[in-house]
Amino acid sequence: MKFLVTVGIALALLTLESVVVKQAGLVLGRIDVTVVLVAFLALRATLLEGAFSAFAVGYLLDLMSGQPTGLFTFLAVFTFLVGRLVSTFVDVRGALPFALFAVGADVGHGLLAAFFTWLTVKDGGTGPVLAGLPVQVALTGAAALLLFPLLRRFESAQERPAGLLR
């Protein structure tokens with residue numbers, strides 16, 4: 001069930017992100033809500049559940065981005081796995097530490113996306129991607145601060161026992 005909730009949240013956040021970016025007129029930057037979701041999964045989900053969910057989130061981003069197919073699917077799973085590794089060394093319990101964790105994940109995700117795009121595109125169109133990275137990272141950090149309570153609420157709602165008597 002957590003997988004379906006994660007996919008639903010990702011789809012809703014990607015739709016909201018595309019509307020907000022278009023209405024705000026952002027050309028070089030975007031709000032990377034998928035990295036926020038994958039970072040949360042790295043901290044809270046089991047390995048198998050998180051890897052499948054990260055794959056689905058990355059696939060949805062692949063479908064909506066127009067980048068080379070498979071790029072964001074691979075990067076989402078890779079970001080999840082690296083996030084799991086990093087989470088063993090850092091303690092992320094509040095909204096601000098989570099935002100910093102998501103910002104770090106977004107920097108790595110953005111740099112790897114620019115690198116792999118540079119490898120696969122003939123004209124080397126990574127200049128605008130790297131120029132917009134600081135704006136993207138700042139917007140992703142703000143989104144992480146706003147989304148943390150919502151993600152915690154979904155997590156706690158799924159941990160409640162099912163049934164009539166609670």
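**Exercise 1. Place L41 in the fold.**

At 8% relative accessibility, L41 counts as buried. Determine which helix holds L41 and which residues, beyond four places away in sequence, L41 touches.

Solution.
- Step 1. The model is a predicted one, and in it L41 sits in helix 2, which spans residues 33–44.
- Step 2. The burial class follows from the cut-off: buried means under 20% relative accessible area, and the value for L41 is 8%.
- Step 3. Setting aside residues up to four places away in sequence, the contacts of L41 are T6, G50, S53, A54 and F80.
- Step 4. One further position can be checked by C-alpha distance: R84 lies 43 residues from L41 along the chain, and their C-alpha atoms are separated by 8.6 Å.

**Exercise 2. Describe the overall make-up of the protein.**

How many helices and strands are there in the protein, and what share of the residues is buried?

Solution.
- Step 1. The count is 7 helices and 0 strands.
- Step 2. Read from the N terminus, the order of elements is α-α-α-α-α-α-α.
- Step 3. Of the 166 residues in the protein, 39% are buried.
- Step 4. Take the contacts with a separation of 6 or more: 71% of them are between residues 24 or more positions apart.

**Exercise 3. Analyse the contact of helix 3 with helix 4.**

At roughly what angle do the axes of helix 3 and helix 4 cross, and which residues make the contact?

Solution.
- Step 1. Helix 3 covers residues 47–65; its axis and that of helix 4 come within 7 Å and cross at roughly 145°.
- Step 2. The crossing of helix 3 with helix 4 is right-handed.
- Step 3. Helix 3 contributes L47, G50, A51, A54, F55, G58, Y59, L61, D62 and S65 to the contact, and helix 4 contributes L71, F72, T73, A76, V77, F80, L81 and R84.
- Step 4. Sorted by class, these residues are 12 nonpolar, 4 polar and 2 charged.

**Exercise 4. Analyse the contact of helix 4 with helix 5, then locate H109.**

How do the residues of the contact of helix 4 with helix 5 divide into nonpolar, polar and charged? Is H109 buried or exposed?

Solution.
- Step 1. Helix 4 (residues 71–87) and helix 5 (residues 95–120) have axes that come within 10 Å and cross at roughly 145°.
- Step 2. Helix 4 passes helix 5 with right-handed geometry.
- Step 3. On the helix 4 side the contact uses L71, F72, F74, L75, F78, T79, G83, V86 and S87; on the helix 5 side it uses F101, A105, H109, L112, A113, F116 and T117.
- Step 4. The division is 11 nonpolar, 5 polar and no charged.
- Step 5. H109 belongs to helix 5 and counts as buried, at 5% relative accessibility.
- Step 6. Beyond its neighbours within four places in sequence, H109 is in contact with D32, V35, F72, L75 and T79.

**Exercise 5. Find the salt bridge.**

How many salt bridges does the structure hold, and are R93 and D91 buried or exposed?

Solution.
- Step 1. The structure holds 1 salt bridge.
- Step 2. R93 and D91 meet through their side chains, with an N to O distance of 3.1 Å. The cut-off for a salt bridge is 4 Å.
- Step 3. R93 is exposed, at a relative accessible area of 63%.
- Step 4. D91 also counts as exposed, with 53% relative accessibility.

**Exercise 6. Compare the record with the model.**

Where does UniProt place the feature "transmembrane region", and what is the helix content over residues 96–119 and over residues 131–151?

Solution.
- Step 1. The unreviewed UniProt entry gives this feature at residues 34–59, 71–90, 96–119 and 131–151.
- Step 2. Residues 96–119 are 100% helix and 0% strand, and their end C-alpha atoms are 35 Å apart.
- Step 3. Residues 131–151 are 95% helix and 0% strand, with end C-alpha atoms 30 Å apart.

**Exercise 7. Check two pairs distant in sequence.**

What separates the C-alpha atoms of L4 and A56, and those of P149 and A95?

Solution.
- Step 1. L4 is in helix 1, residues 2–24, and is exposed at 57% relative accessibility.
- Step 2. L4 and A56 are 52 residues apart along the chain, and their C-alpha atoms are separated by 9.7 Å.
- Step 3. P149 is in helix 7, residues 133–159, and is partly exposed, with a relative accessible area of 47%.
- Step 4. P149 and A95 are 54 residues apart in sequence, with 7.6 Å from C-alpha to C-alpha.

Technical notes
Residues are numbered from 1 along each chain as its sequence is written. This is a predicted model: local features need pLDDT of at least 70, side-chain atom pairs count only at pLDDT 80 or more; totals for chains, interfaces and linings use all residues. Side-chain values use heavy atoms; hydrogens and water are left out. Axes are lines fitted to C-alpha atoms, for helices over the stretch in contact, and angles run from 0 to 180 degrees between N-to-C directions. Helices (H or I, at least four residues) and strands (E, at least two) are DSSP runs, numbered from the N terminus. A crossing is left-handed if the near helix is turned anticlockwise from the far one by less than a right angle, and right-handed if clockwise. Contact means heavy atoms within 4.5 Å. Ala, Val, Leu, Ile, Met, Phe, Trp, Tyr, Cys and Pro count as nonpolar, Asp, Glu, Lys and Arg as charged, and the others, Gly among them, as polar. UniProt positions are given in the numbering used here, feature names are shortened, and annotations may be inferred rather than shown by experiment. Buried means under 20% relative accessible area, exposed over 50%, partly exposed in between (1.4 Å probe, protein chains only).
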